[in-house]
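Here is a short briefing for a first look at this structure. Keep the sequence and the 3D view open while reading.

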Amino acid sequence: MDGVNAGGELLALVNDVVGVSVGFRGLFKQDCTDLVRRIALLTHLFEEIRDFGAALRPLDVSTSSASPLTCLPEVANALQAAKRLLSVAGNFCSSAFSDGAAKKITFQFHCVTWKLEKALGNLPCELFEISEEVREQVELVRAQLRRATERYGPLSSKVVSRAPSLPLDREIHPQKSGNRLNGSFHVENFGNMNPEAKAMMEIVSKCNDSHSIKDQIVPESGRLSNSPASAEAHPSNEIDGEKGDKSATKSLEEIKKPDSVVIPNDYLCPISLELMRDPVIVATGQTYERSYIQRWIDCGNLTCPKTQLELQNLTLTPNYALRSLITQWCIKNNIEQPTGLVNGRIKKSDGTFRDVSGDIAAIEVLVRKLSSRSIEDRRAAVTEIRSLSKRSTDNRILIAEAGAIPALVNLLTADDVVTQENAVTSILNLSIYENNKGLIMLAGAIPSVVQVLRSGSMEARENAAATLFSLSVADENKIIIGASGAMPALVELLQNGSTRGKKDAATALFNLCIYQGNKSRAVKAGIITALSNMLTDLNNCMVDEALTILSVLSSHHEAKISVVKASVIPVLIDILRTDLPRNKENATAILLSLCKRDNENLACISRLGAVVPLTDLAKSGTERAKRKATSLLEHLQRLQQL
């Protein structure tokens, strides 16, 4: 199987699967829809594999026993199994089939999901020269498939290896004749899909939902995990079912997930079909999860995704009533993560409880003083809260439980410099405890933190940047922070801040730029110029940070153009010759991203004498540097053969 044919066949399989998606109904509608959505997101991956194959000479494939093409049949088998399953399950009707048939289909969904995730995991993306953007998308699809597999339950790999190849259409027979499933479906090319539907798929793929509750079924025991830390806030330094004949009426959820709860449809975002955490209302009156609708708007869409009506304005209004209902529902169904505080006692790591009723009383007094009319009282209270929030995770829990976060957010706009500095640092310290991140976001802290970042004292700006980094650990927060206007302020701090401020800004920018939509914002804010200056400043000790951020940005089209215009390529080649091993590694990775499918940039690095240092790196660099240098040398060799 050569690369062009392999990529083309995989693309054809994806298009077939997407075509099968027309008219899903019945018991397994949601399972079918989810599987198709995930497979459709692999289109760009297979396009790049096809392009990679086109760039290979026949000798490249035939002489290499370790050719990356050898792993593609596994992916093709998984996609074919998915196509067969969808053709059967797409119109499954519970009244026409036995309970056993439904269980078989559920089992097949489990097997196909497991097999597809494993096949994607075995793909050597680096050998296929897959771009960073597409790799991020593949990792997201794999994460979604893993969560779906966990939702179905444990499974033996030996069983999985046999199950997807079973002839599904022969296994499932109607109880009565005259109700055979029709295996013929209209096949529609993915490229001809409704543009807004394609855009929606892209949004759901790019909005990282690693902290959201996936799909419409949530195990009752499902909880988010803690990640407590102890140091003050300087992230750059840390961080089988009932008996009886009920098969015709038994629900799919009862068949598949006897210990699960069904999320009410009104609590699900129409875009992501996931439980909403921060519901907002758009101009048409429809409610969406903030991060998803913000991404929709950021992509240039000016219509309501659900109604297709034009949005008269782009205001997103918090739906507090729905948020309260969702919160109550989560508590009732034991889904929300517990705070660890029960009846004045806090749970310790060894499982025992410590009485903190005295601490609670003292903290509540401090929190009340945060809203005092006296400037001195407010200043003293916020200074003490800063100190307490630095000391321990228990204090961070108690301070948040006492309602301090909204009051601290209000103090971010205080005229008193000391009060503002202590307020932003307190919020930073509180954000170290994972549960508090959501409370800080719900309090609407981001606009005020960004304002501090723009115009506060240098200490306040440093800690505002560190706060944005801490909060951006949750992927949905990356979207909100990026849309808040934070990028220009962070770039300004990166250019003109103190040494610590620059490092905090660099850390925040790196984390925010992992989200694709923020890369364009960073480029427009002038980040490439700032990074270029950092690379050429002999007194600058942040070459490592600059290269790390560039390695994230270099696969983005706008960033590529800006890097070339800023004459960064010669600087990168100099780094290949003289700098530290880690910096040489990052410089090579950046050059490879810049030169992929760009003969002009390839010719440029050839003229600048990159071959010699690249050859040295391919022999004696770090393992990653060796791979990147070897790949870049192969590109240069192909260019000479043209």
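This is a predicted model. Start at helix α19, which spans residues 434-442 and has Glu 434, Asn 435, Asn 436, Lys 437, Ile 440 and Met 441 as its buried residues. From there, the briefing moves to the neighbouring helices, the cores and the salt bridges.

**Around helix α19**

- Several helices help to cover the buried residues of α19, including α16 (393-401), α17 (404-411) and α18 (417-431).
- Also among the covering helices are α20 (445-455), α21 (458-471) and α22 (475-483).
- Gly 444 comes just after α19 and takes a positive phi of about 70°.

**Helix α16**

- Seven of the nine residues of α16 are buried, so the rest of the structure largely encloses this helix.
- Those buried residues are Thr 393, Asn 395, Arg 396, Ile 397, Leu 398, Ile 399 and Ala 400.
- Gly 403 follows just after α16, with a positive phi of about 85°.

**Where α20 meets α21**

- The two helix axes come within 7 Å and cross at roughly 145°.
- The crossing of α20 and α21 is left-handed.
- On the α20 side, the contact is made by Ile 446, Val 449, Val 452, Leu 453 and Arg 454.
- On the α21 side, Ala 460, Arg 461, Ala 464, Ala 465, Thr 467, Leu 468 and Leu 471 take part.
- Sorted by class, the contact of α20 with α21 has nine nonpolar, one polar and two charged residues.

**Nonpolar cores**

- The largest nonpolar core holds 97 residues.
- Its members that touch the most others are Leu 370, Leu 490, Leu 494, Ile 527, Leu 531, Leu 535 and Ile 605.
- A second, separate core has 46 residues, among them Val 17, Leu 85, Ile 105 and Leu 123.
- Which residues does Leu 490 contact, leaving aside its neighbours within four places in sequence? They are Leu 453, Ala 465, Leu 468, Ala 505, Ala 508, Leu 509 and Leu 512.
- Of these partners, Leu 453 belongs to the α20 side of the helix contact described above, and Ala 465 and Leu 468 to the α21 side.
- In soluble globular proteins, nonpolar side chains tend to be buried together.

**Salt bridges between separate parts**

- The model has 16 salt bridges.
- Asp 416 and Arg 379 meet through their side chains in one of them, at 2.6 Å from N to O.
- Asp 416 lies in the loop between α17 and α18, and Arg 379 in helix α15 (residues 375-391), so this pair ties together parts 37 residues apart in sequence.
- Arg 379 is partly exposed, with a relative accessible area of 33%.
- Glu 459 forms a salt bridge with Arg 386, and their closest N and O atoms are 3.2 Å apart.
- Glu 459 lies in helix α21 and Arg 386 in helix α15, so this pair ties together parts 73 residues apart in sequence.
- Glu 459 is partly exposed, at 30% relative accessible area.

**A salt-bridge network**

- Shared partners join Glu 117, Lys 118, Glu 139, Arg 142 and Arg 146 into one network of salt bridges.
- Within this network, Arg 142 pairs with Glu 139, and the closest N and O atoms are 3.6 Å apart.
- Both Arg 142 and Glu 139 lie in helix α7 (residues 132-152), three residues apart, or about one turn of the helix.
- An α-helix has 3.6 residues a turn, so residues three or four places apart point the same way.
- Is each partner buried or partly exposed? Arg 142 is buried, at 17% relative accessible area, while Glu 139 is partly exposed, at 41%.

Terms used:
Residues are numbered from 1 along each chain as its sequence is written. This is a predicted model: local features need pLDDT of at least 70, side-chain atom pairs count only at pLDDT 80 or more; totals for chains, interfaces and linings use all residues. Side-chain values use heavy atoms; hydrogens and water are left out. A nonpolar core is a set of buried Ala, Val, Leu, Ile, Met, Phe, Trp, Tyr and Cys residues joined through side-chain atoms within 4.5 Å. Buried means under 20% relative accessible area, exposed over 50%, partly exposed in between (1.4 Å probe, protein chains only). Contact means heavy atoms within 4.5 Å. Helices (H or I, at least four residues) and strands (E, at least two) are DSSP runs, numbered from the N terminus. A salt bridge is a side-chain nitrogen of Lys or Arg within 4 Å of a carboxyl oxygen of Asp or Glu. Axes are lines fitted to C-alpha atoms, for helices over the stretch in contact, and angles run from 0 to 180 degrees between N-to-C directions. A crossing is left-handed if the near helix is turned anticlockwise from the far one by less than a right angle, and right-handed if clockwise. Ala, Val, Leu, Ile, Met, Phe, Trp, Tyr, Cys and Pro count as nonpolar, Asp, Glu, Lys and Arg as charged, and the others, Gly among them, as polar.
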